[in-house]
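Welcome, and thanks for taking a look at this one with us. Please have the sequence and the model open side by side as you read.

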Amino acid sequence: MKPTRKSLIAAAIVLTASLAIVFLVNKGKQKHEADIFAMDTYMQITVYGRHGDEAVQKAVEKIKRLEGELDASVINAESGVTLTDGGEYLLKRSMELKDMTDGTFDITIYPIVKAWGFPDKNYRVPSEEEIQKLLENKDTNLQYDFGGIAKGYTSDKIAKLMIENGVKSAILNLGGNVMTIGKKPDGSDWKVAIKSPDTSMENLGVLSVYDKAVITSGGYERCFEADGKSYHHIIDPKTGYPAESGLVSVTIISKDATLADALSTALFVMGKDNAIVFWRKYADNFDFVLYDNKGELYVSEGIADSYLAAMEYEVVKR
Ligand code: AMP
Ligand code: MG
């Protein structure tokens with residue numbers, strides 16, 4: 001039977017209508033992405049929904065600008081310290097965080113980080129005397145290192161920008177530091193895996209979160225070997241040497257990504273016992289996942305129900 005003209009028109013209308021419905025349904029779930037290299041790390045920005053492409057573009061521009069503004073080598077150029085408004089804010093916040101963490105997070109560590117060769121990857125082991133001298137002069141030879149807080153601060157800034165641009169659902173991954181904005185487009189929580197320092201394990205566990213930052217510090221992230229010993233990039237400001245606190249990986253979960261970043265570094269320096277004492281004081285503001293060199297895992301009460309791990313772990317209560 002030959003199709004009539006009428007039935008062809010009807011079929012065309014039905015097809016157009018269903019395509020329009022599919023288009024409208026998917027519009028809310030449209031995925032916009034960008035991969036960039038900035039702040040010495042790989043970053044991914046994923047935004048769902050309408051106008052997501054614009055938000056991604058704005059985020060990339062903002063990250064590039066912050067990268068320039070917060071780069072230690074620029075801030076500490078011979079002429080002294082020149083800071084933008086964002087830099088001024090972050091300096092003030094960093095000093096407050098230094099007090100809060102009893103000096104375990106300390107951006108004035110830069111001369112020592114530099115002596116170990118971390119910024120330019122010209123790694124070396126400084127002599128005992130050199131470290132002593134740098135420690136003694138740290139408060140007069142002021143040089144700032146935003147490396148332990150810049151990615152968290154950037155996450156907060158980008159999240160704010162997203163919300164201002166009407167974004168309801170987005171996820172940022174700034175070199176393993178994750179920021180979630182809203183929930184997934186289907187309304188469920190984001191699943192964020194915590195990287196395992198041991199290659200034998202797939203991950204340390206998976207967190208279900210929304211509207212939160214999940215930020216990890218690990219000695220394994222940046223280190224070098226010399227004379228058969230491994231040296232990593234998280235320095236204990238009291239000794240001038242890479243922190244040997246027994247912790248291997250510290251993840252902080254918080255609404256405040258700037259806080260989470262500073263605390264991931266600070267708690268790594270503190271070690272498990274002091275980290276737990278500290279958490280009990282500020283438990284309303286953050287949660288943690290700690291992994292130590294004995295292979296033991298500790299998860300704070302506030303996120304224990306949203307944490308899924310293949311291995312056993314201890315839930316730390318308030
Ligand atoms: P993160 O990966 O957030 O723990 O930051 C590590 C980076 O922060 C290092 O590469 C240094 O640039 C800087 N840093 C190292 N030790 C400290 C410290 N105790 N306090 C503040 N920043 C630090
Ligand atoms: Mg940090």
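A residue is called buried here when its relative accessible area is under 20%. With that in hand, both Asp 261 and Thr 265 are buried. Please keep in mind that this is a predicted model.

## The magnesium site

Let's start with the magnesium ion, ligand 2. Its protein donors are the O atom of Gly 148, the O and OD atoms of Asp 261, and OG1 of Thr 265, lying 2.1 to 2.5 Å from the ion. Along the sequence, the donor residues follow the spacing G-x112-D-x3-T.

The last two of that pattern belong to helix H8 (residues 257-270); because Asp 261 and Thr 265 are 4 residues apart in this helix, about one helical turn separates them.

## Around ligand 1

Thr 265 turns up again at ligand 1: it is among the residues that come nearest, along with Asp 106, Asp 145, Ser 217 and Ile 235, out of 15 around the ligand. The shell is a mixture, with 5 nonpolar, 6 polar and 4 charged residues.

Several side chains offer an N or O atom to an oxygen atom of ligand 1. For Asp 145 the distance is 2.5 Å, for Ser 217 it is also 2.5 Å, and for Thr 265 it is 2.8 Å. On its own, ligand 1 has 500 Å² of accessible area, and the protein covers 92% of it.

## Thr 101, in a loop between helices

Next, have a look at Thr 101, which sits in the loop between helix H4 (85-100) and helix H5 (110-115). Is Thr 101 buried or exposed? Thr 101 counts as buried, because its relative accessibility is 2%.

The side chain of Thr 101 has polar contacts with backbone atoms on either side in sequence: the oxygen of Leu 97 at 2.8 Å and the nitrogen of Phe 105 at 3.2 Å. Setting aside residues up to four places away in sequence, Thr 101 touches Leu 263, Ala 266, Met 270 and Phe 278. Of these, Leu 263, Ala 266 and Met 270 have numbers that fall within the 257-270 range of helix H8.

## Leu 161, in helix H7

Our last stop is Leu 161, in helix H7 (residues 150-164). Leu 161 has a relative accessibility of 11%, so it counts as buried.

Which residues does Leu 161 contact, leaving aside neighbours within four places in sequence? They are Ala 55, Lys 58, Ala 59 and Lys 62. Leu 161 and Val 56 are 105 residues apart in sequence, while their C-alpha atoms are 9.9 Å apart in space.

Key
Residues are numbered from 1 along each chain as its sequence is written. Chains are lettered from A and ligands numbered from 1 in the order in which they are written. This is a predicted model: local features need pLDDT of at least 70, side-chain atom pairs count only at pLDDT 80 or more; totals for chains, interfaces and linings use all residues. Side-chain values use heavy atoms; hydrogens and water are left out. A residue is near a molecule or strand if one of its heavy atoms lies within 4 Å of it. A polar contact is a pair of N or O atoms within 3.5 Å; within protein, one must be able to donate a hydrogen and the other to accept it, and residues adjacent in sequence count only if both atoms are side-chain atoms. Accessible areas come from the Shrake-Rupley method with a 1.4 Å probe; for residues, only the protein chains shown count as cover. Ala, Val, Leu, Ile, Met, Phe, Trp, Tyr, Cys and Pro count as nonpolar, Asp, Glu, Lys and Arg as charged, and the others, Gly among them, as polar. Buried means under 20% relative accessible area, exposed over 50%, partly exposed in between (1.4 Å probe, protein chains only). Contact means heavy atoms within 4.5 Å. Donors are N, O and S atoms within 2.8 Å of the metal (3.2 Å for Na, K and Ca); water is not among the atoms, so sites may look incomplete.
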